[in-house]
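Here is a walk through a protein for someone meeting it for the first time. Take a look at the sequence and the model, and then we'll go through them together.

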Amino acid sequence: MLAAYAVQVEHSRGRRFPEPPHPYRNDFQRDRDRIIHARAFRRLEDKTQVFTRRYSDHFRNRLTHTIEVAQITRTVAAALDLNVDLAEALALVHDLGHPPFGHAGEKALDAAMRAHDLFFDHNLHALRIVEDFEQRYAAFHGLNLTFEVREGIIKHSRDYDVVKYPELGEYLLDQRPPLEAQLIDLTDEIGYNTADLDDGYEARLLTLDQIRDGVPVFNRFFPEVERTYPDAADKLKFNEALKRIFNRLAGDLITNTQARLKSAGIETLSDVRRHKERLAAFSAEVEAERSQIKAFLYDNLYYSPSLAGEKDDAERIVTELFAFWMQNPSALPNYYQEKAAQESLPRVVCDYIAGMTDHFIIEQYEKHCGSDGAITATLS
């Protein structure tokens with residue numbers, strides 16, 4: 001039984017192009033399956049999360065991160081009596097619009113676009129992917145996802161002003177998204193904060209003492225782990241402390257959101273949409289802990305000297321390739337040359353680069369900008 005404030009699939013606003021019902025899958029399940037079978041979803045396997053394969057094949061990439069977020073989201077959504085099928089579909093699609101090379105690639109692509117008075121937004125790019133670039137069906141462009149999934153793609157992590165984004169007007173920008181969408185940015189944080197601590201420790205870019213000193217909630221749990229498992233290896237003790245952080249974040253998200261719903265008198269989906277602010281949230285105490293973890297990761301991992309060279313090389317590859325295709329549009333694949341006749345060239349070049357995997361963009365750089373072994377070796 002779903003809560004009255006959950007999204008009921010039978011009340012979906014439907015698809016852009018109407019389709020007959022499926023005999024044994026509801027519409028949100030079909031959306032989930034279409035996302036999983038999309039080419040853009042498969043490409044996430046070769047897109048950097050934090051570490052390139054130069055470090056190890058064991059670390060998270062965009063695809064494995066997405067799968068982990070989907071698992072967290074299903075658990076939290078089920079505990080809140082929300083629509084798990086919708087929440088899972090939104091978790092699986094939430095990173096679909098990210099370019100190669102993680103945040104370094106996104107930063108460079110946005111900078112290249114701003115030189116043309118445009119910008120890159122991975123949420124809006126994900127919408128372009130599912131609305132246009134995925135071509136699997138004879139009857140329509142894109143995946144023809146339900147309104148609720150398309151709305152969640154753009155609204156799960158931020159609010160858009162209808163005055164600034166009139167093209168998004170159909171997505172109820174004056175209202176909050178459903179709770180299923182509100183969860184995604186928070187479960188994403190749970191996923192990458194804990195995973196990046198794990199991968200950073202495995203990569204030996206973060207030490208146990210460094211984490212204990214810089215992450216108070218970790219240090220609070222670690223003595224308990226040492227008492228319980230005094231003879232365990234440090235890595236297993238680390239795992240146990242990290243598991244406790246994971247459970248604290250997820251458990252708090254559930255209980256605090258329940259408390260906020262009760263305090264606000266939320267009874268229906270309309271109440272959720274009309275509320276003055278988003279209702280899914282961590283408590284103040286746990287939000288402070290989450291912020292401390294994130295700040296620690298930015299200071300000690302994401303901007304660590306060990307990764308600086310990779311980030312610089314990634315930004316250079318994206319920047320130089322963008323400039324190359326702006327100057328040589330005839331070198332674009334035929335499909336993108338045709339798109340450039342209908343849309344601005346910077347947007348088309350941006351779309352092309354954003355869809356690339358790490359491996360493919362390195363190939364394109366070597367082909368069009370000359371081989372630079374010093375650059376490509378750090379990213380391979």
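**Starting with a pocket**

Let's begin with some empty space: the second largest pocket holds about 430 Å³. Lining it are 16 residues, and the ones closest to its centre are Arg39, Arg43, Phe133, Tyr336 and Gly355. Keep in mind as you look around that this is a predicted model.

Which elements build the lining here? At least two residues each come from α2 (39-43), α6, α15 (334-340) and α16 (345-354). Helix α6 gives the most to this lining, with 3 residues. Sorted by class, the lining of this second largest pocket has 7 nonpolar, 4 polar and 5 charged residues.

How does one go looking for such places? Rolling a probe the size of a water molecule over the atoms shows where empty space is left.

Now for the largest pocket, with a volume of about 800 Å³. It is lined by 36 residues, and Arg62, Gly102, His103, Glu106 and Tyr298 are the closest to its centre. Two or more lining residues come from each of α3 (62-79), α5 (102-114), α6 (122-133), α8 (179-202), α13 (284-302) and α14 (305-327). So far as class goes, 14 residues of this lining are charged, 12 are polar and 10 are nonpolar.

Let's step back and take in the whole chain. The protein has 18 helices and 0 strands. Along the principal axes, its C-alpha atoms fill a box of roughly 65 × 55 × 40 Å. Why can we call the size in line with a compact globule? With 380 residues, such a globule would have a radius of gyration near 21 Å, and the 22 Å of this protein agrees with that. Of the 380 residues, 56% are buried. If you take the contacts with a separation of 6 or more, 71% of them are between residues 24 or more positions apart.

What about the inside? In soluble globular proteins, nonpolar side chains tend to be buried together. In this model, the largest nonpolar core has 65 residues, and those with the most contacts inside it are Leu96, Ile153, Ile154, Leu168, Trp325, Ile353 and Ile361. Pick out leucine 96 from that list: setting aside residues up to four places away in sequence, it touches Ala40, Phe41, Leu44, Ala126, Ile129 and Val130. There is also another core, lying apart from the largest one, with 52 residues that include Val84, Leu179, Ile211 and Ile266.

Let's finish with two single residues, beginning with alanine 70 in helix α3. Is alanine 70 buried or exposed? Its relative accessible area is 5%, so alanine 70 counts as buried, the cut-off being under 20%. Beyond its neighbours within four places in sequence, alanine 70 is in contact with Ala91 and Leu92. Have a look at threonine 187 too: 117 residues separate it from alanine 70 in sequence, yet the two are 8.3 Å apart in space, C-alpha to C-alpha.

The other residue is asparagine 256, which sits in helix α11 (residues 234-264). With a relative accessible area of 16%, asparagine 256 is buried as well. And what does asparagine 256 touch? Not counting residues up to four places away in sequence, asparagine 256 touches Ala281, Phe282 and Ser283.

Notes:
Residues numbered from 1 in each chain as written. Predicted model: local features only at pLDDT ≥ 70, side-chain atom pairs only at ≥ 80, totals over all residues. Heavy atoms only, no water. 1 Å grid on protein atoms, 1.4 Å probe; cavity = no way out; pocket = protein on both sides within 12 Å on 5 of 7 lines; lining within 4 Å. Points joined across faces, edges and corners; volume = space filled by probe spheres on them. Helix = DSSP H or I, 4+ residues; strand = E, 2+ residues; numbered from the N terminus. Nonpolar A, V, L, I, M, F, W, Y, C, P; charged D, E, K, R; others polar. Core = buried A, V, L, I, M, F, W, Y, C linked by side-chain atoms within 4.5 Å. Buried < 20%, exposed > 50% of the residue type's maximum accessible area, 1.4 Å probe, protein only. Contact = heavy atoms within 4.5 Å. Rg over C-alpha atoms; globule rule 2.2 N^0.38 Å.
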